[in-house]
Amino acid sequence: MIKPLNIGKEIKTLKDIQEVLIKIQTKEDTALVEQISFHTNIWESLNEIVGNIDNLNTGYKSYYAGYKKLRKDPEKIRKLQLLALLKEGQSVLSNGVIKDDYCPLCQQEKNKIKLISELNARIKKLEELEQEKDILDEQGRELEGILQVNINTVDGLLKDKCFKKKENPQLVKKIQKIKFSLETLSNELKKGIKGKDPIQEPGKIHIDKKDISTLAKQEKDIAAGLTESKKSNIQFPIYNKLFQSDKAYNEYQKIERKLGILTKQQATFQALFADFIKRQETALNAFLTMFSTNINDYYTTMNPNEIVDDIKLVPIKDAKEELVGITIEYRFLDKTKIAANAYLSESHINCLGLSFFLASVKAFNKENRFVVIDDVISSYDRSHRARFTKLLTDTFSETQILLLTHEQEFFDLVSSEVKGKGWLIRNIVWSEEEGTGVEDGILGIKGRILKKFEVKTIDGLGNDIRIYTEKVMKEIASNIEAQVAFKYNEINEKRMAPELFDAVHSRISKKGDGLKQKANIPRLKGIPMLIGNITSHDNDFNVNIEDLKVTWECISETIQAFYCDDCNSCISVKWFDNVKNKIRCSCGNLSYDWKS
């Protein structure tokens with residue numbers, strides 16, 4: 001190519017090309033070559049787009065016809081949305097995730113084989129509809145792929161620095177118009193079959209092939225005219241060809257380098273993804289094991305010696321062994337089960353839910369260590385409540401707990417359990433005048449009684465005194481082994497004060513006069529207990545605060561005879577002094593003669 005120039009130079013390397021170009025170039029030639037290259041590039045790019053326009057317009061018409069046919073029946077679209085759910089149910093049943101005869105969605109009893117058969121029939125019917133949608137989707141993806149290639153081509157053109165020259169503003173607008181028409185078509189395809197708004201008719205977004213062809217021919221003619229203007233100059237055609245060859249090869253090398261980088265990245269990401277899946281599965285299994293252990297521990301703590309155990313979370317996988325979800329599994333009567341509400345009572349389900357929540361606190365609340373538990377014991381029996389309270393105080397001692405309840409019995413139970421463990425006991429109060437407020441809580445029923453005397457209110461005071469008396473006399477009777485008539489558990493737990501007084505008085509009367517005289521139980525069986533019983537029931541007897549104060553003082557004096565002021569423990573036979581024949585408290589500072 002360069003032989004006619006007689007410059008005494010051979011081209012054997014890329015570097016030689018650059019040297020020859022520098023040697024033969026002129027300022028005018030360089031500018032002209034850039035112009036020829038600019039217009040040639042536009043012509044070739046637009047010509048490539050023109051070659052795709054017929055396929056795009058025809059393809060969109062075909063796509064629109066299929067789209068319109070599916071959209072014509074809205075019920076078909078709704079059925080397609082249901083298909084995914086039906087397939088998931090089929091997978092769950094076929095893979096043995098559900099082992100018993102019930103529907104995993106509605107929890108109703110249903111023969112498993114019959115359910116699978118019904119699902120298969122519905123799925124087969126819907127799959128025919130899905131095939132229509134899949135064909136349409138594939139057609140749309142192919143069109144989008146062609147459109148994106150052409151949009152990228154236009155974007156590449158617009159990056160050319162020659163577009164910034166003042167003589168090219170109209171050309172820029174024409175190229176941008178082409179890009180807009182391509183993007184409009186692409187945006188319609190992205191709406192999809194489930195889109196809210198329908199796609200536009202082909203006639204409204206038709207890509208004009210004639211305009212683009214005309215512009216391409218104009219650019220070709222401009223490039224040819226610029227080249228023809230230098231035809232008589234033997235050096236310029238050589239310089240132009242050499243320049244274009246060098247430029248094209250440099251572009252090729254850039255693409256090749258990018259391809260190498262992307263290929264390595266692809267291999268790296270594939271390796272990373274494969275390793276990530278392995279690590280994810282290992283980490284997930286480790287987490288589920290830890291999480292499941294906590295759930296099982298909390299549940300069995302609240303429900304010891306029962307027929308439910310080995311509670312755990314297990315991953316659900318599809319036919320490709322890919323994770324699709326997580327479910328709960330437990331053993332009930334030595335058989336593995338999944339549906340909790342099929343076998344467990346409301347109270348046990350609540351315990352299970354509470355165990356999940358507390359396990360979540362342990363797993364996910366490691367930063368602020370703060371949790372609010374609002375009235376979660378409404379359907380629990382007393383044993384569950386006591387164990388739940390102990391679980392909180394023993395297992396969550398490092399967590400700030402805000403425990404709320406509107407049940408007085410549970411409030412008293414928790415107050416008694418947390419007394420001396422640093423908990424703050426508060427009452428949330430409300431009045432029409434003051435609104436909502438917080439006041440210091442009352443530790444147990446005795447504190448509530450003293451508070452009512454302090455504010456001089458008799459509302460429920462007699463009932464509180466009676467309940468407190470029965471509660472403490474049960475403890476005293478147990479400690480001194482006072483005998484009461486046998487009754488079954490339910491009735492035994494509801495011993496009334498008079499029979500407890502009789503049993504305790506009979507016991508201490510046989511053991512010595514010291515405790516008998518100090519306790520003076522007979523005086524309680526008169527007016528004090530009469531007032532306490534009457535005021536705790538509905539009747540017409542009008543009692544005042546002074547009557548109840550007398551009752552309370554008598555009962556307090558009697559009870560105090562059994563409790564040590566120093567260690568606050570009740571005298572008990574377990575601390576009986578065999579040498580001195582005395583019954584005493586735990587520290588020994590309170591004792592009475594006790595006949596063998």
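**Elements and model.** I take helices (H or I, at least four residues) and strands (E, at least two) as DSSP runs, numbered from the N terminus. The model is predicted, so I accept local features only at pLDDT of at least 70 and side-chain atom pairs only at pLDDT 80 or more, while totals for chains, interfaces and linings use all residues. Residues count from 1 along each chain as its sequence is written, and side-chain values use heavy atoms, without hydrogens and water.

**Largest pocket.** I started with the largest pocket (an open set of points on a 1 Å grid over the protein atoms alone, with protein on both sides within 12 Å along at least five of seven lines; lining residues have an atom within 4 Å of a point). Its volume is about 930 Å³, counted as the space filled by probe spheres set on points joined across faces, edges and corners. I found 37 lining residues, and the closest to the centre are L403, F411, L424, I425 and R426.

Which elements each supply at least two residues of this lining? The helices are α9 (382-395), α10 (408-418) and α11 (444-455). The strands are β5 (400-404), β6 (426-431) and β7 (435-440). By class I get 16 nonpolar, 11 polar and 10 charged residues. Asp, Glu, Lys and Arg are charged; Ala, Val, Leu, Ile, Met, Phe, Trp, Tyr, Cys and Pro are nonpolar; the others, Gly among them, are polar.

I then checked I425, one of the residues closest to the pocket centre. I425 sits in the loop between α10 and β6. Is I425 buried or exposed? I425 is buried, because its relative accessibility is 12% (buried is under 20%, exposed over 50%, partly exposed in between; 1.4 Å probe, protein chains only). From I425 to L403 I read 9.8 Å between C-alpha atoms, with the two positions 22 residues apart along the chain counted as their separation.

**Cavities.** How many cavities of 30 Å³ or more does the structure hold? I count two. A cavity is a set of grid points where a 1.4 Å probe fits but cannot get out. The second largest holds about 50 Å³ of space. Its lining is N57, Y60, K61, L185, P202, I205, H206 and I207. That makes five nonpolar, two polar and one charged residues. Helix α2 (residues 27-71) gives the most, three residues.

**Largest nonpolar core.** Next I looked up the core (buried Ala, Val, Leu, Ile, Met, Phe, Trp, Tyr and Cys residues joined through side-chain atoms within 4.5 Å). The largest one has 39 residues. I476, I480, V504, I508, F562 and I571 have the most contacts inside it. Two or more core residues come from each of α11, α12 (461-480), α14 (497-511), α15 (513-519) and α17. The largest share, eight residues, belongs to α12.

I followed helix α17 further. This helix covers residues 545-560, 16 in number, and reaches 22 Å from its first C-alpha to its last. Its buried residues are I545, L548, T551, W552, C554, I555, T558 and I559. Residues three or four places apart in an α-helix point the same way, because the helix has 3.6 residues a turn.

**Cysteines.** I searched the whole structure for disulfides (cysteine sulfur atoms within 2.5 Å) and found zero. C570 is in none; the nearest cysteine sulfur, that of C585, is 9.5 Å away. C570 counts as buried because its relative accessibility is 3%. C351 is buried too, at 0%.

**Positive phi.** Which non-glycine residues did I note here? D375 has a positive phi of about 50 degrees. D375 lies in the loop between β4 (370-374) and α9, and is partly exposed at 22% relative accessibility. K456 has a positive phi near 60 degrees. K456 belongs to the loop between α11 and α12 and is exposed at 65%.

**Two more pairs.** R369 lies in the loop between α8 (346-364) and β4. R369 is partly exposed, at 37%. R369 and Q400 are 31 residues apart in sequence, and I read 6.0 Å between their C-alpha atoms. K23 is in helix α1 (residues 14-24) and exposed at 55%. K23 and I7 are 16 residues apart along the chain, and their C-alpha atoms are separated by 8.7 Å.

Definitions and conventions
The expected span of a helix is 1.5 Å times one less than its number of residues. A disulfide is a pair of cysteine sulfur atoms within 2.5 Å.
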